[in-house]
Amino acid sequence: METVLTVDRLGKSFKDTRIIRDISFHVKKGEIMAILGPNGAGKTTTIRSIMGIMYPDEGSVEFHNHTSKEIPRHKIGYLPEERGLYKNVKVMDILLYFAELKDYPLKKAKQRALEYLKKFGLEGKDQVSIEELSKGMGQKVQFIASIIHEPELLILDEPFSGLDPVSQEVFKDEIKELAQNGTAILLSSHQMNLVEQLCDRLFLIHRGQKIIYGTIDEVKKEYANFKCTILGSHNREELEGMTQVQRVEQNDNVSTLYLAQNVHIPTWLKQLPDNLEIQELRIDRVSLHEIFVDIATGKNLMEEGGISSDAE
Ligand SMILES: Nc1ncnc2c1ncn2[C@@H]1O[C@H](COP(=O)(O)OP(=O)(O)OP(=O)(O)O)[C@@H](O)[C@H]1O
């Protein structure tokens, strides 16, 4: 698939503080790519630099073959992190205003606006003023505003924040459908579970730098080691001394053993000590959520392997 957006070695400082450095990734047509990271990691700074709202100090942003001022902004849709639309304007008027800003034909925009309002459960709200909508409804209208002009590239900064689970599903389905129809999508989030369900690739950023970059499958294969959870009373040192155990966590009488990347589970299970008390035993892969939390809190599950900065 053709590459729509290329971000190359982006860097940005505020005063003397480096906020992001050496950020490089691309987004292809029809693909959903996530920028993930804890609060303050640099997601919004990266997105604002791509959008030209902020000027990066280093690196470049390319949309197809266009750079900086030549980028045709009307082919890009953007849902900013800060929500809010003019309060005393009618829903349809605001949507048509956004379409006009992007030079999109108004008749077509009106039709699309009505279709989307219906799809998002806001049928009949087109003549209601924004201030009469709930926060979630307002967010849906803002989402429609970002896609009204059929953008080739859609950038969504925290699209799911503040939404109830049902609205999250509605957004997820719509984002998937847009990608299936060829839109290149870049979204930021700190909700690993949603990213896992929705995205093709992810870029994990922490303290302004790349930590992991790859497809969801690659990331899982490379970082989501096995863990073994055993119910029973155990001596911690004994568990720590077992082969291929990298780390042990204990909580009451539940012990979790984090295993090495190349462990062969059937072989490993066979060598468990005869005297080990097992009331229950479970083998799972470490979830992407756990990987995320570990990185964000500076703990490293994969102590031997470490977190690579070259996942691609
Ligand atoms: N205008 C600014 N002046 C100075 N520092 C800034 C400015 N904007 C952002 N920062 C700093 O840059 C860092 C990254 O912020 P950014 O908003 O990009 O993070 P984020 O990953 O989007 O976080 P969140 O998930 O909390 O929205 C933070 O430490 C923030 O304080």
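In helix α4, the buried residues are Q139, K140, V141, F143, I144, A145 and I147. In this predicted model, these buried positions of α4 pack against two strands, β6 (76-79) and β7 (153-157), and against three helices, α2 (91-101), α3 (106-119) and α5 (165-180). The length of α4 was also examined. The helix comprises 13 residues (residues 135-147), which at 1.5 Å a residue should span 18 Å; the C-alpha atoms at its ends lie 19 Å apart, in agreement with that expectation.

Strand β8 (residues 184-189) is largely enclosed by the rest of the structure, because six of its six residues are buried. In a regular strand, side chains alternate between the two faces of the sheet. In β8 both faces are covered: A184, L186 and S188 are buried on one side, and I185, L187 and S189 are buried on the other.

Pairing of β8 was found with two strands. Strand β3 (residues 32-36) runs parallel to β8 and is joined to it by five bridges, with L36 standing opposite S189 of β8. Strand β7 likewise pairs with β8 in the parallel sense, over five bridges, and here D157 stands opposite S188 of β8. The connection between β7 and β8 involves a helix, as β7, α5 and β8 together make a right-handed β-α-β unit.

The nonpolar interior was considered next. In soluble globular proteins, nonpolar side chains tend to be buried together. The largest nonpolar core of the model contains 65 residues, of which L95, I185 and F203 touch the most other members. Helix α2 gives the most to this core, contributing six residues. Apart from it lies another core, of five residues, which include C228, I230, L239 and L259.

One of the three residues touching the most other members of the largest core, I185, is also among the buried residues of β8. When neighbours within four places in sequence are left aside, I185 is in contact with I32, M33, L154, L156, I175, L178 and A179.

At the level of the whole molecule, the protein chain has ten helices and 14 strands. Its C-alpha atoms fill a box of roughly 75 × 45 × 40 Å along the principal axes. Of the 312 residues in the protein chain, 32% are buried. Among contacts in the chain with a separation of 6 or more, 70% are accounted for by residues 24 or more positions apart.

Technical notes. Residues numbered from 1 in each chain as written. Predicted model: local features only at pLDDT ≥ 70, side-chain atom pairs only at ≥ 80, totals over all residues. Helix = DSSP H or I, 4+ residues; strand = E, 2+ residues; numbered from the N terminus. Expected span 1.5 Å × (residues − 1). Buried ≥ 20, exposed ≤ 12 C-beta atoms within 10 Å, placed from the backbone. Contact = placed C-beta atoms within 7 Å. Pairing = 2+ DSSP bridges. Right-handed = clockwise from strand over helix to strand, strands pointing away. Core = buried A, V, L, I, M, F, W, Y, C linked by C-beta atoms within 7 Å.
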